Amino acid sequence: MDRFVICGGNPLVGTVRVSGAKNSALPCMAAAILTQDEVTLENIPQVRDIQTERRLLSSMGAEVELGSGGNDHRTTICCRNLSDPVAKYEIVKTMRASSLVLGPLVARTGMARVAVPGGCAIGGRPIDLHIKGLEKMGATIVQEHGYLEARAEHLKGAHLVFDKITVTGTEDLLMAAVLADGETVMENCAREPEVTDLAALLMAMGAMIEGAGTSTIRVQGVTGLHGANYRINPDRIEAGTFLIAGAITGGDVTIADCNPDHLRAVIAKLEEAGTKIDVVGADAVRVRSDGHLNAADISTEEYPGFPTDMQAQYMALATQADGVSLVKENIFENRFMHVQELVRMGANIKVDGRTATVQGPAKLSAAAVMCSDLRASASLVLAALVADGESILDRVYHMDRGYERIEEKLQGLGAQIQRMGNVFPVREAEAFAD
Ligand code: UD1
């Protein structure tokens, strides 16, 4: 298992390019289930969760082709034969987003068997709202032996109101609705850009969808979808992580190939914290900091609020800000796993329920720390970039789930970060994957 060795202290300077959004690519790959034709996706990030999704689709009988050479961010999926519409536990346990295949499998084949995802480091991650929506569309769902078995000869359009805003729940039911009989109206939907990305692909495949990106989505079911070629949007969480890397190190970093519009909440907070941010044209943002940061509170919300996927990274920044920052996590009940590791590096953080109180600025000192989940890993990398001395981050496979070649990108900005391979046996990686 790999680890990172990071020597802190360098202000990051230069330009870094953002990869495609993992959280758009995952539902878009699942959308290929909805047609017998080929779906080609461009700008697919090369991260572990995407490999897992390829493995999942292949295990069901799909043909998944990878581009090579200059096309290595392209993948073509053909789901003509779905001989085994099952999402096996061995795969679902390493990536909860595997449950995204539930809706499209029932819509396309009339049946799906999907392992029930367990809890993970950041919270319970139930999929009850996916189930409730599919049942309302006429599916019969039975849960036994750790699997959900869903059947529906033909899904029917329905009026769905989500009890709670859910990103993959909105995506899963949207994919079910596009092939259902009649109209589906979905209310209290997630408005995340990843939902809009998926809807754009589905429309390119012939689906009739209105309102994606708002809280009410209307779908007129169609009898079949065709293939499409679609480019995935840039990853706003990767972009936000680099913005914080520039800010926390007192650097000057331009984040290229991003969508500044998707970063508004993060940009507003970094400006409040005293950094200078310039939007450069339609697809780049520059962050500059003289090293002095002010405390500023955040409260995670659904889009367009401050993303929960940026909370851990922001907390690393808050440890360097002058004063007290309150960090409130409203989306997941247990998303403070990074706190103890930051404290081991010298941060002054107290957690009370869903609120962390961060007293800064703290002088961070390098330490051996453990990554517990994807965004917690990013937080520890950021902290290590300003810590005094050489930090060692274990279990960076968590980071590899969602960040493409992160160490090379950071090296390009002047960071001292090295990947050391195969320190632990792979078995351990699997046991701890979330
Ligand atoms: C997605 C993102 C993840 C991000 C999260 C919140 C992907 C692959 N992952 O996760 O990176 O952190 O959105 O922005 O896109 N809930 C229920 N019942 C359900 C579904 C969700 O109670 O059936 C709850 C969850 O426990 C959580 C909240 O709703 O408290 C939001 O979860 P959700 O938006 O579904 O997160 P994911 O889609 O799993």
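The following exercises, each with a worked solution, concern a predicted model.

**Exercise 1. The buried side of α9**

Determine which residues of helix α9 (residues 264–272) are buried, and explain how they are arranged around the axis.

Solution.
Step 1. The buried residues of α9 are V266, I267, K269 and L270.
Step 2. These residues span an arc of only 165 degrees around the axis, and therefore they lie on the same side of α9.
Step 3. The general geometry agrees: an α-helix has 3.6 residues a turn, so residues three or four places apart point the same way.
Step 4. The elements that cover the buried residues of α9 include α8 (236–248), β16 (276–280), β17 (284–288), β18 (298–299) and α10 (311–318).
Step 5. After α9 comes G274, with a positive phi near 100 degrees.

**Exercise 2. Two enclosed helices**

State how many residues of α10 and of α12 (residues 374–386) are buried, and identify the cap of α12.

Solution.
Step 1. In α10, 8 of the 8 residues are buried, so the helix is largely enclosed by the rest of the structure.
Step 2. Among the buried residues of α10 are Q311, Q313, Y314 and M315.
Step 3. In α12, 12 of the 13 residues are buried, and the helix is mostly covered. The buried residues include R375, S377 and S379, as well as L380, V381 and L382.
Step 4. The N-terminal end of α12 is capped by D373, a side-chain oxygen of which lies 3.2 Å from the backbone nitrogen of R375.

**Exercise 3. Ligand surroundings**

Identify the residues that come nearest to the ligand, and list polar side-chain contacts to its oxygen atoms.

Solution.
Step 1. There are 18 residues around the ligand, of which D128, T166, T168, D309 and I331 come nearest.
Step 2. An N or O atom in the side chain of T168 is 2.6 Å from a ligand oxygen.
Step 3. For N23, a polar side-chain atom is 3.0 Å from an oxygen atom of the ligand; for K164, the corresponding distance is 3.4 Å.
Step 4. The ligand on its own has 740 Å² of accessible area, and the protein covers 88% of this.

**Exercise 4. Nonpolar cores**

Describe the largest nonpolar core and name a member of the second, separate core.

Solution.
Step 1. The largest nonpolar core has 78 residues, and L155 and L202 have the most contacts inside it.
Step 2. Helix α1 (residues 22–31) supplies the largest share of this core, 6 residues.
Step 3. Leaving aside residues up to four places away in sequence, L202 touches A31, L34, L174, M175, V178, A207 and I209.
Step 4. The second, separate core has 67 residues, including I244, A247, A321 and L364.

**Exercise 5. Backbone geometry and accessibility**

Locate the cis peptide bonds from Y303 to P304 and from G360 to P361, then classify T254, D257 and R405 by accessibility.

Solution.
Step 1. The bond from Y303 to P304 is cis, with omega near 10 degrees; P304 belongs to the loop between β18 and α10.
Step 2. The bond from G360 to P361 is cis, with omega near -5 degrees; P361 is in the loop between β21 (355–360) and β22 (368–370).
Step 3. T254, in strand β15 (residues 252–256), has a relative accessibility of 18% and therefore counts as buried.
Step 4. D257, in the loop between β15 and α9, is not a glycine but has a positive phi of about 60 degrees. Its relative accessible area is 32%, so D257 is partly exposed.
Step 5. R405, in the loop between α13 (397–400) and α14 (406–412), has a positive phi near 45 degrees. Its relative accessibility is 40%, so R405 counts as partly exposed.

Conventions. Residues numbered from 1 in each chain as written. Predicted model: local features only at pLDDT ≥ 70, side-chain atom pairs only at ≥ 80, totals over all residues. Heavy atoms only, no water. Buried < 20%, exposed > 50% of the residue type's maximum accessible area, 1.4 Å probe, protein only. Helix = DSSP H or I, 4+ residues; strand = E, 2+ residues; numbered from the N terminus. Arc of directions from axis to C-beta. Contact = heavy atoms within 4.5 Å. Near = heavy atom within 4 Å. Polar contact = N/O pair within 3.5 Å; in protein donor to acceptor, adjacent residues only side chain to side chain. Areas by Shrake-Rupley, 256 points an atom, 1.4 Å probe, with all protein chains shown as cover. Core = buried A, V, L, I, M, F, W, Y, C linked by side-chain atoms within 4.5 Å.
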